[in-house]
Amino acid sequence: MADVDTKNKEDLSAVIVRHYDSIDNNFATRNESRILFLRNFNNWVKSVLIQEAVLKLRDTRIDDGKMHVLDIACGKGGDLYKWKNNSCLEHLVAVDISPGSIINYESRYADLKRRNKYIFDAKFIVADCTRVIINKFYENPSMKFHLVNCQFAFHYCFESIQQAECMLKNISSNLISGGIFIGTIPNASEIVRRQRECGKKKFGNSIYNIEFMCDPEKLLPIFGAKYIFHLEGVVNCPEFLV
């Protein structure tokens, strides 16, 4: 039974990897998307969170003017310019489960570095932060970070308690004393409210839909409360309530 359960979890990770590897990163197409303003809002939220964290670190002088950032589930590099605009950043480690996303991010960083002589150093790692301890991939495994960032991805670790513990260890063990973690997740209370209002396992509209893979009429588990989330042109894969 344990072997079957492990295989199912590995298959789920493969589904997530295939999905994010397949996403088109064409900016012309993105500007024609029906969710353009939603994406802009999400980017604004991330910008505010990053800026507030950076200012707080500056105020406490904890970064000594040379900030190190760990970006978990970094994606294809959509936040690259958010980091560039913070001149105190010295080193970025960007981690993602998707090899295609990391290749894309590395390419965008290389292009930016060619145009900007004075820019932070960066290292890119392909890893599932819910399953492996990532500091073994660092050039210096004892390296610590002033800021750990995880945007719209932390909820994937709630597939199981083991994965949640692994993710939390990757966050907490990588922060220096007094460091900051920032992140965003879907609002589980709002998702459940909409499901109960609808009365069906699947609900949504022409832009998004959610389908519960567990019984929403029963007490939802803390870990493994799985649903399939589809958002036009961006997401179509399993997620978990937090």
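**Reading sheets and salt bridges in a predicted model**

Colleague: Where should I start, and how are the strands ordered in the antiparallel sheet?

Modeller: Let's start right there. In this predicted model, the order β6-β7-β8-β9 describes an open sheet of 4 strands with antiparallel pairing.

Colleague: Which strands stand at the edges of that sheet?

Modeller: To find an edge, look for a strand with a single partner. Here β6 (202-204) and β9 (235-240) are the edge strands, so each has one side without a neighbour in the sheet. You can also look at how the strands are turned: neighbours in this sheet differ by 20 degrees on average, direction ignored.

Colleague: How many bridges join β6 and β7?

Modeller: There are 3 bridges between β6 and strand β7 (residues 208-212), in the antiparallel sense. To see one of the pairs, find Phe203, whose bridge partner in β7 is Ile210.

Colleague: What is the strand order in the sheet with parallel pairing?

Modeller: That open sheet has 5 strands, and you read across them as β3-β2-β1-β4-β5. Its edges are β3 (121-126) and β5 (175-184); each has a single partner strand, so one side of each is left without a neighbour. Neighbouring strands here are turned by 15 degrees against each other on average, direction ignored.

Colleague: And which residue in β4 is the bridge partner of Asp71?

Modeller: Asn149 is that partner. The two strands involved, β1 (residues 67-72) and β4 (residues 145-151), run parallel and are joined by 4 bridges.

Colleague: Which strands does helix α3 lie across?

Modeller: Follow α3 through residues 36-60: this helix lies across β1, β4 and β5, and runs at about 165 degrees to β5. While you are on α3, find Trp44, which belongs to this helix. Trp44 is exposed, because its relative accessible area is 54% and the cut-off for exposed is over 50%.

Colleague: Which residues form a nonpolar patch with Trp44?

Modeller: Leu38 and Phe41 join Trp44 in a patch on the surface, and together the three have about 350 Å² of accessible area.

Colleague: Let's turn to charges. How many salt bridges are found in the whole structure?

Modeller: The search finds 10. For each one, ask what the two residues are part of. Take Glu232 and Arg34, whose closest N and O atoms are 2.5 Å apart. This salt bridge links distant parts of the chain, 198 residues apart: Glu232 is in the loop between β8 (226-231) and β9, while Arg34 is in the loop between α2 (27-30) and α3. Glu232 counts as partly exposed at 25% relative accessibility, and Arg34 is also partly exposed, at 47%.

Colleague: Are Asp79 and Lys46 buried or exposed?

Modeller: Both are buried. They form a salt bridge with closest N and O atoms 3.1 Å apart. Asp79 lies in the loop between β1 and α4 (80-84) and Lys46 in helix α3, so the pair ties together parts 33 residues apart in sequence.

Colleague: Where do Arg114 and Asp111 lie?

Modeller: Both are in helix α5 (residues 99-115), 3 residues apart, which is about one turn of the helix. Their salt bridge has closest N and O atoms 2.0 Å apart. Arg114 is exposed at 63% relative accessible area, whereas Asp111 is partly exposed at 30%.

Colleague: Which residues are linked in a network of salt bridges?

Modeller: Glu190, Arg193, Arg194 and Glu197 are linked in that way. Try finding them in the structure yourself!

How values were computed
Residues numbered from 1 in each chain as written. Predicted model: local features only at pLDDT ≥ 70, side-chain atom pairs only at ≥ 80, totals over all residues. Heavy atoms only, no water. Pairing = 2+ DSSP bridges. Axes fitted to C-alpha atoms, helices over the stretch in contact; angles between N-to-C directions. Contact = heavy atoms within 4.5 Å. Patch = residues over 30% accessible without salt bridge, like charges linked within 9 Å, V, L, I, M, F, W, Y side chains within 5 Å. Areas by Shrake-Rupley, 256 points an atom, 1.4 Å probe, with all protein chains shown as cover. Salt bridge = Lys/Arg side-chain N within 4 Å of Asp/Glu carboxyl O. Buried < 20%, exposed > 50% of the residue type's maximum accessible area, 1.4 Å probe, protein only.
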